[in-house]
Amino acid sequence: MTHDRRDTGLGDLALEAALRRVWAAAHGLWGLLATVDHKAIGRRYIATAFGFLILGGLLALAMRWQLSHPEARLLDPDRYNQVFTMHGSNMMFLFAVPVMEAMGVYFVPLMVGTRNIAFPRLNAFSYWVYLAGGLLLWGAFLLEMGPDVGWFAYVPLSGPQYSAGKRADIWAQMITFTEISALAVAVGLVVTVFKQRAPGMTLDRMPLFVWAMLVTAFVVILAMPAVVTASTALILDRLVGTHFFNPAEGGDVLLWQHLFWFFGHPEVYIIFIPAVGMVSTIIATFCRRPVFGYLAMVLALVGIGLLAFGLWVHHMFTTGLPRLGESFFTASSMAIAVPSGLQIFCWLATLWGARPRLAVPMLYVLAFLFTFVLGGMTGVMVASVPLDTQLHDSYFVVAHFHYVLIGGAVFPLLGAIHYWFPKLTGRMMGARPGRWECLLVFAGFNLTFFPMHILGLWGMPRRVYTYQPELPWAGLNLFASLSAVLLAAGFLLFFWNAWRSARHGAPAGENPWGAPTLEWATASPPPPWNFTRIPVVGSASPLWDSMGELTVAEGLRTDRRELLVTSVMDATPEARESSPQDSIWPLLAAIATSVMLVWSIFTPWAVVWGSIPIAVTLIGWFWPRGTPEDES
Amino acid sequence: MTGGWQSALAPGGSSADAILRLFWPTVALLGLIWLAVLLVLAAALLRRARPEAPRRAGAVVGAATAGTVLVVIGLTLASYLVTRPISAAADAPLIVQLRGLQWWWQATYPEEGEASGFVTANELHLPLGRPVRLELSAEDVIHSFWVPNLAGKQDMIPGRDNALTFTPTVPGVYRAQCAEFCGLQHARMALLVVVEPPEEFARWRAVQAAPATAEALAAEGRQVFERQPCGACHTVRGTGAAGRTGPDLTHLASRGTLAAGLLPMTRGALAAWIADPQTLKPGNNMPLVPLSADELQALTAWLASLR
Ligand SMILES: [Cu+2]
């Protein structure tokens, strides 16, 4: 073991040249396909997810057009049912969850000061599997085989008897794809956060966004098995004739709903918790002070993550479960207002003691507070059993969950894109179009969705492809549809702004907002190795408290990819560990997995024969390269 | 703006009424909280910042959180108190069995004392002021019965028996609609609920229980109906037609609407429906039966006479 290949004592330029040799991806297509750089993959993930957002948005516009007047004929019932199923499945599984995880994939390693995510090949694999799942769903839709049983796919409607053809199978298999990719990312994030934090970043110095992603990753890991079980049982019912959900043969219809919502409710928090982390990050930076009540914020995040598993029955208040049991779930559902409220109070306290700079990310945070709090209030209403019997499955609920998902997650996300755009691209995102875009999105959103509360109270059920003129719904529906154009214009402006700024925006420099966290302690965009020297952290706001120069750790080797492993609690250095090279095998494994999964829609034998190529690719993936043992 | 005959805001029954009395105070309380949050936010943005002593801020945040806990407890209790009466069993209710099918409703009024039982479809009549217990079931997939003016919704689930109990308190015609997505024509699965004084209800019940009237039975359209496959799916009591997979047509013309709320019950609508049910309600389970113009006319006239 010679010490001259360590970074100790090397000058910056020499060190960067050495790091470039081992960390940079190959040029050209091969490099793109084989890279395991969390930033390349994160960017790709984010861009793909936003692509699906556009597609899902177009579906939403088609639905708004169809509902803008009674007895419209733009979409026939078959098409409409595919469209709303696609919209929901796409937005939940292909946009919202992936985009939040993608933000974690890109920013968590930077924020904890490490050089790559843990299990980077698994991370690359997860992206390809996700992409394949998306292509499967949209390909099926284009072939008139899009699922048409709702994003919740209740049995028996989605069962073998009432959904002939392959539409429901495609839905169930798309779930499998996104489960695999979400789990892979979650595992990588947990290990990154626990074992790769910069020296000195004790748990109580971790940025709130990192905490949020950590909690989210655990929720993913705990929630996914339920939906894996459910969708597998559904596929078995459909493909090989089991009777899990067939009441005529002793199966149970409600079992599906329990399993689905045991996952489906936490799913909402998988989307919302990262957004909370984004809000905290933005507020801290633009108030120029840490968020008030760090410990309370962390406990609230953990509390939401735990409570998320105790609420699923509130999706089933009208199924005729015992009333006493239902009242318990009223209590637990309303209880989530407590940690959520606590967070809001802490943000308000932060704003109160500061003079916040109203840059575009902050404007989105304000839009978030207005909208999300309202959505939280209607959430408390639907948690009440008697009120829910009227509100459930009506347009009131459509309004409610768009308030919490768009207001509670998409607004913070758009703010976070503005905030981190300099880090993602090296350029600032236009502030002037940004303000307009925020205004349009905010106004368009509220004008579109607020009237739906009233429509629901006036008896309009969800998932109807049309309604009759003798019902008093036409006016508000037309109003909502016109407002949706405004909302779409806001999104269009956002995309145009991002597109243009990525090319012509003002160069950003390392830390344009004067932010406190480590991702701002490196170039924008960061080099493939993230940090030339691993920073050492002495507080929760290292860039504010270090007064200029950060202390750095030395001693990593420069002749191979290496990163620092630290202890879970205190982040004291424990070992140097090699980080995997680029590899084409994750892509090949993803292709093999996808082929097997799609094939198995048609015959159970695919599971047998399809496993062989997967095994081959996995052998290639893990083939030992004679890398020397890691050293302490 | 109370939204009319399919609205939770215009109650005509005990349950809907109790729920609405919980609804408005809840809206008021939560609306105030929302406004308060926005006011604090606005104040925080507008005031000249002077860093607050962290201890005071801590106390305020703590108090606000405690306030949230109290609100949550209060609303949980209130919701529980309203749940009890609306799910309580009633004394001597009128029992009606309502079954959801893709995409229509079958109602069975069992015999009760003097009154004999019968089966009808797509329209309920309920006596004013008497509790009713609807026994809900489903034939194929999950449906959900929702008549917002009278009560909250209750799902109809294959393999499970659910019930909904309430008392109609305001006479009128209300519209119910399936609230659980049930496939292609989920949007076209509605049902009229007529709440009327007990005497009128008794008259209606007697008419419905009787077979089709003698003069109607003599008409020419009847032969068309019996010649064609209609009777394989439909029942007209008094004829040989005893099919069960479609709505009972014995007193078809007494109903307000046709094909689960699709069209008003007129002769023109009837003719259009029989001539081509698949264009009016694509995918529904009644096939197009080819008929000559004369047959169609006779059949329509006959069906329109089944009052
Ligand atoms: Cu239905």
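How much of the chain over residues 58-82 of chain B is helix, how much is strand, and how far apart are the end C-alpha atoms? This stretch is 100% helix and 0% strand, with its end C-alpha atoms 36 Å apart. Keep in mind as you scroll around that this is a predicted model.

**Annotated stretches**

Residues 58-82 didn't come out of nowhere: an unreviewed UniProt entry marks 22-46 and 58-82 of chain B as "transmembrane region". The unreviewed records also list a "Cytochrome oxidase subunit II copper A binding" domain at residues 91-207 of chain B, and a "Cytochrome oxidase subunit I profile" domain at residues 17-538 of chain A. Here is what the model shows over each of them.

| Stretch | Helix | Strand | End C-alpha atoms apart |
|---|---|---|---|
| 22-46, chain B | 100% | 0% | 36 Å |
| 58-82, chain B | 100% | 0% | 36 Å |
| 91-207, chain B | 9% | 48% | 26 Å |
| 17-538, chain A | 69% | 0% | 29 Å |

**The sheet in chain B**

Now for the strands. Chain B has an open sheet of five strands with mixed pairing, and the order reads β4-β10-β9-β6-β7. The edge positions go to β4 (123-127) and β7 (154-156) of chain B; each has a single partner strand, so one side of each has no neighbour in the sheet. From one strand to the next, the twist averages 25°.

Take a look at the β4 end. β4(B) runs parallel to its partner β10(B) (residues 190-196), and five bridges join the two. In one of these pairings, L126(B) has V195(B) of β10(B) as its bridge partner. Lying across both β4 and β10 of chain B is helix α3 (residues 198-209) of that chain, which runs at about 140° to β4(B).

**Where chain B meets chain A**

The contact between the chains involves 79 residues of chain B and 80 residues of chain A. Together they bury about 6600 Å², and carbon and sulfur atoms give 69% of that area. On the chain B side, W34(B), K153(B) and F181(B) lose the most area to chain A, together making up 10% of what that side buries.

There's a polar part to the contact too: 21 residue pairs between chain B and chain A are in polar contact. Which elements of chain B give two or more residues to the side that touches chain A? They are α1 (14-46), α2 (54-87), β7 and β9 (172-178) of chain B. Of these, α2(B) gives the most, with 17 residues.

**Salt bridges**

Side chains of opposite charge can pair when their charged atoms come close. The whole structure has 23 salt bridges over all chains, and two of them are found across the interface of chain B and chain A. One to pull up on screen is R463(A) with E180(B), where the closest N and O atoms are 3.7 Å apart. On the chain A side, R463(A) sits in the loop between α15 (431-457) and α16 (474-504). Its partner E180(B) is in the loop between β9 and β10 of chain B, two strands that stand next to each other in the sheet order above.

Definitions and conventions. Residues numbered from 1 in each chain as written. Chains lettered and ligands numbered in written order. Predicted model: local features only at pLDDT ≥ 70, side-chain atom pairs only at ≥ 80, totals over all residues. Heavy atoms only, no water. Pairing = 2+ DSSP bridges. Helix = DSSP H or I, 4+ residues; strand = E, 2+ residues; numbered from the N terminus. Axes fitted to C-alpha atoms, helices over the stretch in contact; angles between N-to-C directions. Contact = heavy atoms within 4.5 Å. UniProt positions renumbered as here; feature names shortened; annotations may be inferred. Buried area = accessible area lost by both parts, 1.4 Å probe. Salt bridge = Lys/Arg side-chain N within 4 Å of Asp/Glu carboxyl O. Polar contact = N/O pair within 3.5 Å; in protein donor to acceptor, adjacent residues only side chain to side chain.
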